[in-house]
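Reader: Hi! I'm new to looking at protein structures. Could you walk me through this one?

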Amino acid sequence: MKHRKGMTETQEKLKSLFHPGAGRIPPHLTGRKQEQDFFHDCVARLLDRTSPDQDMIIYGPRGNGKTAMLRYLQKETLEKTGKRLDIAWVTPRKLKTVDELARAISGKDRKILEKVKSLGLSASIGIASLNAELDISRAAAVTEDLLQEKSRKTPLVLIMDEAHNLTPDMAGILLDASQNVRGEGCPFFLVMAGTPNLETTLQRSSATFWDKSNVFPLGRLSVEDARQALTIPLNSCQVACAQEVAEEIALRAYSYPYFIQIWGDCIASQLVAAGSRELTMDIVLEAEHTAIAKCTTVYRQRYNELNKIGLIALATDIAIAFDEFSDQYMPVQELEKLVRLSFQQQGLPVTHEAVQGDLQKLSHIGYIWEIAVSSEVEGEDPMLCYEPGIPSLMRFVRRQAPP
């Protein structure tokens, strides 16, 4: 292997170890154990030629690793199962017609592809514009028929990424088809992933049973998981990492998966430049300027989104309130009260629909995130709360506000 001048094989590996890019598989997938266990259990059932009991629905703000986790699971599964199982990966943007969905389901199966051609599915039955009852009925029948035929020949996993961009009609068609196909005992497994807006899309679909699926909200990592996402890859390159230093980086990255990759990449570059095999606070401080600059790009993008939808004033009020809560969680009722007060101060009409609508928009962007906080009292139900999607983003928003 040819290496860049003056660089060893380990340094080459270190230089490209972390992947701060959209949907890239991280060098070590940490956390998300429940999600991975459920996916693996469903794949095991498919290999036994039986159907999983539930679909899998994953939603969470951008940058929390939904696509990266599914890419990892897809790669890992195909490596282990070979031709015993098929995985079709699709996104709504690549599916403008039912014909395109049918082709994605068919994969390389020539017989099913010929059947798709013979159906003569026209572009008029568009996924983006399913309106007529006849179109919806025909799309549902075709989708269900092809899923049955395909999965009976080879167990099939259909991963629909960016599923929040589906029309409610198409989301309903896929969920109904999955329920019916699995009800027939066919080895088929549907996975849908998207931003928090996916909940809204599914609520509007005809499939009122969608919440009976196994639903996984994906938020930030724990500090320990964030630490491991950094140290395990570095250890594989013979870099020693003191636990307290790694935890400091996890805290500076706010356990946000995308920021962990940014910090990891900047630190790896600094280690190579220094010719060091030990992660020290001096290395962290040297990498800090570049890491913060890259994270700030994300802040600017989110700030511009908030500005575009007219929520800067509300986002600023929420940032100030969370600062008083020391960036911890806030009960749902407290945050709703704060939104109503912010509306009044801005001279806006205060309605339940408006309050919930703005909270949904803020969740969709990833500015806030709903969590369930366990009660300290034994036997008492958890309390629904909101936490900052990225605490440092709230600080950025607050700093832009006039005195």
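Reader: Thanks! Which strands does helix H2 lie across?

Author: Helix H2, residues 33–47, lies across strand E1 (56–59), E3, E4 and E5. Its direction runs at about 155° to E4. Keep in mind that this is a predicted model.

Reader: Got it. And what does helix H7 lie across?

Author: Helix H7 covers residues 168–183 and lies across E3 and E4. H7 also runs at about 155° to E4.

Reader: What order do the strands of that sheet come in?

Author: The order is E2-E3-E4-E1-E5, in an open sheet of five strands with parallel pairing. At the edges you'll find E2 and strand E5 (214–217), each of which pairs on one side only. From one strand to the next, the twist averages 15°.

Reader: Cool. How many bridges join E3 to E4?

Author: Five bridges join strand E3 (residues 156–160) to strand E4 (residues 188–194), and the two run parallel. To see where they face each other, look for Met-160, which stands opposite Met-192 in E4.

Reader: What actually holds strands together in a sheet, in general?

Author: Strands of a sheet pair through backbone hydrogen bonds, and the pairing can be parallel or antiparallel.

Reader: Where is an antiparallel sheet in this model?

Author: Look at the open sheet of three strands with the order E8-E10-E9, where the pairing is antiparallel. Its edge strands are strand E8 (330–331) and strand E9 (368–373), and each pairs on one side only.

Reader: How many bridges are there between E9 and E10?

Author: E9 pairs with strand E10 (residues 383–388) over six bridges, in the antiparallel sense. Glu-370 has Tyr-386 in E10 as its bridge partner, while Ile-368 stands opposite Pro-388 in E10.

Reader: And how many join E8 to E10?

Author: Two bridges join E8 to E10, and these strands run antiparallel. Here Pro-331 stands opposite Cys-385 in E10.

Reader: Which helix packs on that three-stranded sheet?

Author: Helix H13, residues 312–324, packs on the sheet and touches E8, E9 and E10. The direction of H13 makes about 110° with that of E10.

Reader: Changing topic: how many salt bridges does the structure hold?

Author: It holds 17 salt bridges. One of them is between the side chains of Lys-150 and Asp-86, at 2.8 Å from N to O. Lys-150 lies in helix H6 (residues 133–153) and Asp-86 in strand E2 (residues 86–90), so this pair ties together parts that are 64 residues apart in sequence.

Reader: Nice! What about empty space: how do people find it, generally?

Author: Rolling a probe the size of a water molecule over the atoms shows where empty space is left.

Reader: And what is the volume of the largest pocket here?

Author: The largest pocket has a volume of about 1,000 Å³. It is lined by 44 residues, and the closest to its centre are Ala-22, Gly-23, Arg-62, Gly-63 and Asn-64. Helix H3 (66–81), helix H11 (257–274) and helix H12 (281–308) are the elements that give two or more residues to the lining of the largest pocket.

Reader: What's the mix of residue classes in that lining?

Author: The lining of the largest pocket has 14 nonpolar, 19 polar and eleven charged residues.

Reader: How many cavities of 30 Å³ or more are there?

Author: A search of the whole structure finds one, with a volume of about 30 Å³. Its lining includes Pro-61, Asn-64, Trp-369 and Pro-388. By class, the lining of this largest cavity has three nonpolar, three polar and two charged residues.

How values were computed. Residues numbered from 1 in each chain as written. Predicted model: local features only at pLDDT ≥ 70, side-chain atom pairs only at ≥ 80, totals over all residues. Heavy atoms only, no water. 1 Å grid on protein atoms, 1.4 Å probe; cavity = no way out; pocket = protein on both sides within 12 Å on 5 of 7 lines; lining within 4 Å. Points joined across faces, edges and corners; volume = space filled by probe spheres on them. Nonpolar A, V, L, I, M, F, W, Y, C, P; charged D, E, K, R; others polar. Helix = DSSP H or I, 4+ residues; strand = E, 2+ residues; numbered from the N terminus. Pairing = 2+ DSSP bridges. Contact = heavy atoms within 4.5 Å. Axes fitted to C-alpha atoms, helices over the stretch in contact; angles between N-to-C directions. Salt bridge = Lys/Arg side-chain N within 4 Å of Asp/Glu carboxyl O.
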